[in-house]
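Let's take a friendly walk through two bound ligands and the residues that hold them. Please keep the sequence and the model open as you read.

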Amino acid sequence: MEVIFGRNIEEHPEPIKAEVKGEIPNWLQGILLRNGPGMHTVGETRYNHWFDGLALIHSFTFKNGEVYYRSKYLRSDTYNSNIEANRIVVSEFGTMAYPDPCKNIFAKAFSYLSHIIPEFTDNCLINIMKTGDEFYATSETNFIRKINPQTLETLEKVDYTKYVAVNLATAHPHYDSAGNVLNMGTSIVGKGKTKYVVFKIPSSVPEEEKKKSCLKHLEVMCSVPSRSLLHPTYYHSFGVTENYIVFIEQPFKLDIPKLATAYFRGVNWASCLSFHKDEKTWFHFIDKKTKKDISATFYTDAMVLFHHVNAYEEDGQVIFDVICYADSSLYEMFYLKYLNAEFKENTKHFSLPACKRFVVPLQWGEDAEIGSNLVRLPSTTATALKESDGSIYCPPETIYEGIELPRINYDYNGKKYRYIFAAGVQWSPVPTQIVKVDVLTKKSLTWREEHCWPAEPTFVPYPHAKEEDDGIILSSIVTSDPRKAPFLLILDAKTFTEVARATVDVALHLDLHGMFVPEKDLKSQED
Ligand SMILES: CC1=C(/C=C/C(C)=C/C=C/C(C)=C/C=O)C(C)(C)CCC1
Ligand SMILES: [Fe+2]
């Protein structure tokens, strides 16, 4: 398994024509743009964790029935410094690096101690974000890197802190129907407070400022204070409904004193995150209009989540589906030392992901009895129990076990929906299937093939789609058998039958997230 997770992949910046089997739909014109770690060894040094790897952006371009592949390492400052030094000199999530073991260590250590929040990496390896006509590679630090979606060239480095006071921001923003970006970030100990900030990046800028970036027009929408100044929650994504932002404060937290001293203590950033199994998981619903957090205290038992699937409102209740773990073992299992030949044995110790549904009522009668279930939704076994201190305890319903990297038809984001498309994991963290789950019936369809490791499936709707699953699924498939070439798979989203596959004769990396960019959204790049 190490051969797949930990190998260095060569970049192919010039387009390579793929061999197509089946027929690429004529209406499918555009670029599937994806991001993920592609290099884990620099010179003699090796990263400890899969999430540390240098960002390799790759793309599949669909043009008149043909498919072209290309890939390029993000020329981040991190990449350039590492390549120049021929060793890892910038710290990542699971690897603490020391720029110069002889000369620099004290100067660097003093500079770290004088800032509570250390200088983070710009190795943006998690996702791709679109703001107006611009595309960015993103991670969870304060840096994002602009890229050219066609050539995959690396452009400006953008520091969120210039526009909004956040030290961390998610790599999973949301988009409204006008293309405005909604994202969240954490402001750590700023002006003596730690808070979670919701911000909006408009999709267009005023005509007279056409040359400026949308980020210059970033607006703070609202914020939620952290329960603790020095131990804010860690979160990887959030949810939106028509009227609310769904934010989960989980007992998987960042320890700021540890983070501030990690460099000096010779430990990695990952060791500054800890799971508190005896604490609660708190739910926040921020009203988009009033900017206020609904005041009741909604909670569930301790859990860890990374990905929200979708959220919506029905009959005065907020319904949200998330991929949950019993503990923080997801971060543990991606250490390269566990992803070796004994990985099946090792992964037995790690909890499996499960998609769970929570249902939270926003109003209830004064006379509701203590212990009574406030959920009024016949289709679910999720409950919301009124407690004597006024808080509401919300045990979930399990929708489906063994799925991660969930995607939906994004036209249904924030709305009542039925289908999840995800990677199926037999042993975490190895994806062996693509799964379509019907959240209503819990029935599923799967695609699998021997030696195939599918990436996060992306749903692209048909041009005149009527039903939610009228569209196709795109997934890049990495193979664990060197004799079998990797390929881009196209499935019919309704039946899960294969429409086409486009095989490329170069090694592909296992990636994390990305987006399909329709041709019409690329036009302005050519101007
Ligand atoms: C560098 C760095 C971070 C990086 C986190 C990363 C890279 C997380 C990746 C998560 C993924 C890919 C989850 C998938 O479900 C932190 C902890 C935010 C803060 C300290 C500095
Ligand atoms: Fe993610």
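## The iron site

Along the sequence, the donor residues of the iron ion (ligand 2) follow the spacing H-x63-H-x70-H-x205-H. H236 belongs to the loop between β17 (219–225) and β18 (239–240), while H307 is in strand β24, so this pair ties together parts that lie 71 residues apart in sequence. Do keep in mind that this is a predicted model.

In the model, H172, H236, H307 and H513 each coordinate the iron ion (ligand 2) through NE2, at 2.0 to 2.1 Å. The angles subtended by the four donor atoms run from 93 to 153°, which makes the arrangement irregular. For reference, four tetrahedral donors would ideally give angles of 109.5 degrees.

## The surroundings of ligand 1

Now for the other ligand. There are 17 residues around ligand 1, and F51, H236, W269, H307 and Y331 come nearest. Taken alone, ligand 1 exposes 550 Å², and 97% of that is buried by the protein. Ligand 1 sits in the largest cavity.

Which elements give two or more residues to the shell around ligand 1? They are β24 (304–314) and α5 (329–333). Sorted by class, this shell has 11 nonpolar residues, five polar and one charged.

## Where the two sites meet

H236 and H307 turn up in both places: they are among the residues that come nearest to ligand 1, and they are also among those that coordinate the iron ion (ligand 2).

How values were computed:
Residues are numbered from 1 along each chain as its sequence is written. Chains are lettered from A and ligands numbered from 1 in the order in which they are written. This is a predicted model: local features need pLDDT of at least 70, side-chain atom pairs count only at pLDDT 80 or more; totals for chains, interfaces and linings use all residues. Side-chain values use heavy atoms; hydrogens and water are left out. A residue is near a molecule or strand if one of its heavy atoms lies within 4 Å of it. Accessible areas come from the Shrake-Rupley method with a 1.4 Å probe; for residues, only the protein chains shown count as cover. On a 1 Å grid over the protein atoms alone, a cavity is a set of points where a 1.4 Å probe fits but cannot get out, and a pocket is an open set with protein on both sides within 12 Å along at least five of seven lines; lining residues have an atom within 4 Å of a point. A molecule sits in a cavity or pocket if more than half of its atoms lie within 2 Å of its grid points. Helices (H or I, at least four residues) and strands (E, at least two) are DSSP runs, numbered from the N terminus. Ala, Val, Leu, Ile, Met, Phe, Trp, Tyr, Cys and Pro count as nonpolar, Asp, Glu, Lys and Arg as charged, and the others, Gly among them, as polar. Donors are N, O and S atoms within 2.8 Å of the metal (3.2 Å for Na, K and Ca); water is not among the atoms, so sites may look incomplete. Four donors count as tetrahedral if all angles lie between 85 and 135 degrees; four count as square planar and six as octahedral if opposite donors are over 155 degrees apart and all others between 65 and 115; anything else is irregular.
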